[in-house]
Amino acid sequence: MSDSIAIELRDVVKRFGDVIAVDHVNLQIRDGEFFSLLGPSGCGKTSTLRMIAGFELPTAGSILIHGREMGITPPHLRPVNTVFQSYALFPHMTVAQNVAFGLEMRKKPKDEIARQVKEALELVRLSGLEERRPRQLSGGQQQRVALARALVNHPEVLLLDEPLGALDQKLRKEMQLELKSLQARVGITFVFVTHDQEEALTMSDRIAVMNKGKLLQVGTPTEIYERPNCRFVADFIGETNFIDGVVIGRDGNYTVLETPEGLRFRGLATRPLSDGTAVTYSIRPEKVRLLAPNGELPPNGLAGTVMTVNYIGSDTRITVRINDRRTIDIWEQNTRSTLDRDEYWQPGEAAVIVCPPDNALVLSE
Amino acid sequence: MATLQQQQQRRDRIRLALLLTPGLLWLLLFFALPLVIIFIYSFMTNDALGRVVYEPTLNNYVTIFTQSLYVNAYWRSIWTSVLTTVICLLIGYPLAVFIARSPQQWRMPLLMLILIPFWTNFLVRIYAWQIILANNGIINGLLEIIGIGRLPLLNNEGATLVGLIYGELPFMVLPLYAAIDRFDFTLMEAAADLGANKVQAFLRIMLPMTMPGIVAGSVLVFIPTLGQFVVSELLGGAKVDYLGNLIQRLFLRANPINWPLGSAMAVLMMLVLLVLIMMYFRVTSEEER
Ligand SMILES: Nc1ncnc2c1ncn2[C@@H]1O[C@H](COP(=O)(O)OP(=O)(O)OP(=O)(O)O)[C@@H](O)[C@H]1O
Ligand SMILES: [Mg+2]
């Protein structure tokens with residue numbers, strides 16, 4: 001992966017009347033990267049993508065593609081192609097005609113068009129369906145046609161707006177892998193919009209998390225999952241235990257916080273926090289450990305009572321009450337394959353939870 | 001022994017026949033029968049009193065093809081209908097796009113505006129156009145005030161055309177609106193995304209996809225225009241003969257009236273329509289491909 005920048009957003013704002021769809025976004029997407037825009041519905045992902053494609057113009061700020069300022073360049077002159085969420089295939093044309101459309105617009109010679117269409121359809125494994133109409137295809141096949149129709153133009157950047165949204169779960173998983181390997185083969189920068197965090201984590205080189213038009217964090221899947229920089233990101237990506245408190249000091253690398261009822265937790269802060277700052281402690285359920293009580297509490301340990309035990313196959317999900325207003329969720333992998341659940345934790349049992357501070361975060365705001 | 005499915009199919013067929021019989025009888029009696037009569041009349045002879053004489057002849061058709069009065073009427077009517085259709089299309093398409101692209105709550109009111117004129121009688125509306133176009137009418141009054149002077153706006157072929165376009169426009173707009181409203185404008189973005197400029201995107205995507213609306217609208221406008229006689233009489237001043245005027249005159253007012261010749265004209269008009277519309281379908285469906 002080279003380090004040159006494919007797409008740059010400089011302080012981009014998009015307003016629709018009173019709605020601020022995109023709020024001062026700064027972003028650099030590298031060449032050849034699989035980049036995801038992730039966020040809840042209405043957070044401005046589509047608006048961002050449409051501004052890159054040229055369907056909408058930014059209210060303020062600028063968009064650069066390979067260093068070229070896009071300004072008011074209309075969509076048909078931009079070096080990007082889009083895979084629409086609805087696919088937007090031309091229903092009155094065959095698959096081959098759909099794929100050929102972009103090449104025809106670029107006035108390529110007939111025989112070259114035929115060759116490239118054939119290649120593109122091979123790439124998405126649709127050979128043999130050239131003469132079908134879009135409505136004669138399954139959802140997954142239509143999706144591939146949309147992909148071929150865009151890729152055949154060798155765009156500098158491919159924009160994909162929730163391309164897998166309309167597919168069922170199984171096909172979706174298949175297409176995720178296929179899309180990822182396709183991207184690796186063609187080496188084109190992909191900007192991929194999704195509101196499915198798992199999809200973003202599996203597919204992306206880097207992820208940008210958005211909320212309410214603002215860009216909250218940009219990072220690799222690991223960074224986003226392990227080191228979310230704010231409460232929203234920690235909450236949106238994966239599951240987590242949140243505990244509110246205030247900073248009361250530091251202990252080596254760790255920041256210490258205290259809850260209103262006097263419990264103390266230690267974790268990593270993403271930035272220096274002064275004493276008295278209101279913070280949220282966050283620890284993922286799979287990072288918490290559960291031990292049998294043996295008289296004294298280990299470091300970072302808390303005594304509690306097992307409330308519920310839910311076996312879900314790969315994991316067991318346990319809720320432990322640590323005082324009358326707080327519970328902690330813990331996921332234990334079922335590594336000790338045992339059919340005898342009597343051997344396992346039982347509701348009502350006393351237990352000790354341990355929250356390793358290296359895997360816990362202290363988040364401000 | 002018939003299977004259950006066959007039994008059901010039989011029952012369905014009987015029900016269908018029962019449902020369709022009244023309609024079919026009606027059509028047979030009031031549509032097919034008159035057509036047959038007209039067709040037969042067109043090969044008959046006329047006597048000096050205007051009565052139909054049952055003496056087979058091709059003279060009626062010969063007359064139509066050889067006398068310039070009739071030949072010209074055909075050309076004039078065809079040409080006027082084509083012009084009316086094309087102008088209605090050119091006005092109606094942008095109008096339909098505008099309505100279909102308006103905010104949801106505006107579409108119905110806008111369509112109603114197009115339909116409101118239909119709440120009054122057609123003749124009344126055409127008389128209104130007389131008032132607008134007359135020598136001492138509204139437009140000429142305005143022209144006088146701004147110093148251009150009065151122009152002969154009424155009682156010519158231009159006035160006929162204006163009246164026809166006015167009367168037929170809704171029949172163009174409504175099917176166009178139906179087609180354009182169904183059109184997914186994301187497809188235009190997709191075309192632009194693939195490198196098509198506005199004109200290319202329109203010609204390659206929107207035009208073929210809204211073609212059913214164009215065809216329906218054009219046929220709806222063309223057919224009644226070809227046979228019309230009211231507008232050319234009231235606004236055109238009956239100075240030149242259109243097909244409808246001639247046929248009407250031959251049936252009702254000529255001295256003597258001549259039903260066989262009128263019937264032959266009507267039969268030929270239907271043939272012309274059939275041929276033109278088939279040609280039109282051929283051309284437009286090719287475009288769609
Ligand atoms: N054309 C428009 N006119 C008015 N408001 C709009 C328009 N397009 C988007 N918005 C608003 O801008 C905000 C962001 O919309 P956008 O479509 O970018 O969200 P999104 O992240 O793609 O959401 P989703 O996941 O639901 O597709 C929303 O509040 C939306 O209502
Ligand atoms: Mg969206």
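## Exercises on a predicted two-chain model

**Exercise 1.** In this predicted model, work out what span the 38 residues of helix H1 (residues 4–41) of chain B should have, and compare that span with the distance between the end C-alpha atoms.

*Solution.* Begin with the rise of 1.5 Å a residue, from which the 38 residues of H1 in chain B should span 56 Å. Next, take the separation of the end C-alpha atoms, which is 52 Å and therefore agrees with the expected span. Finally, follow the course of the helix itself, where a kink of about 40 degrees lies at B:Leu20, shortly before the proline B:Pro22.

**Exercise 2.** Describe the contact between chain B and chain A, starting from its area and ending with the classes of residue on the side of chain B.

*Solution.* The size of an interface is often given as the accessible area lost when the parts come together. For chain B and chain A this buried area is about 1,800 Å², and carbon and sulfur atoms give 62% of it. In chain B, the residues that lose the most area to chain A are B:Asp193, B:Leu194 and B:Arg204, which together make up 39% of what that side buries. Counting residues next, the contact takes 24 from chain A and 17 from chain B.

Turn then to the polar side of the contact, where seven residue pairs, both members at pLDDT 80 or more, are in polar contact between the two chains. The count of salt bridges between chain B and chain A is two, and one of these joins the side chains of A:Arg50 and B:Glu189 at 2.7 Å, N to O. Helix H8 (186–193) and helix H9 (198–209) of chain B each supply at least two residues of the side that touches chain A, and H8(B) gives the most, with seven residues. By class, that side of chain B has nine nonpolar, four polar and four charged residues.

**Exercise 3.** Which backbone features deserve a second look at B:Pro256 and at A:His154?

*Solution.* Start from the general expectation that most residues other than glycine have a negative phi, and that most peptide bonds are trans. The peptide bond from B:Asn255 to B:Pro256 is cis, with omega near -5 degrees, and B:Pro256 is found in the loop between helix H12 (243–252) and helix H13 (259–288) of chain B. A:His154, a residue other than glycine, has a positive phi near 45 degrees, and A:His154 lies in the loop between helix H4 (139–151) and strand S7 (157–161) of chain A.

Note on methods. Residues are numbered from 1 along each chain as its sequence is written. Chains are lettered from A and ligands numbered from 1 in the order in which they are written. This is a predicted model: local features need pLDDT of at least 70, side-chain atom pairs count only at pLDDT 80 or more; totals for chains, interfaces and linings use all residues. Side-chain values use heavy atoms; hydrogens and water are left out. Helices (H or I, at least four residues) and strands (E, at least two) are DSSP runs, numbered from the N terminus. The expected span of a helix is 1.5 Å times one less than its number of residues. The bend at a residue is the angle between axes fitted to the seven residues ending there and the seven starting there. Contact means heavy atoms within 4.5 Å. Buried area is the accessible area (1.4 Å probe) that two parts lose on being put together, summed over both. A salt bridge is a side-chain nitrogen of Lys or Arg within 4 Å of a carboxyl oxygen of Asp or Glu. A polar contact is a pair of N or O atoms within 3.5 Å; within protein, one must be able to donate a hydrogen and the other to accept it, and residues adjacent in sequence count only if both atoms are side-chain atoms. Ala, Val, Leu, Ile, Met, Phe, Trp, Tyr, Cys and Pro count as nonpolar, Asp, Glu, Lys and Arg as charged, and the others, Gly among them, as polar.
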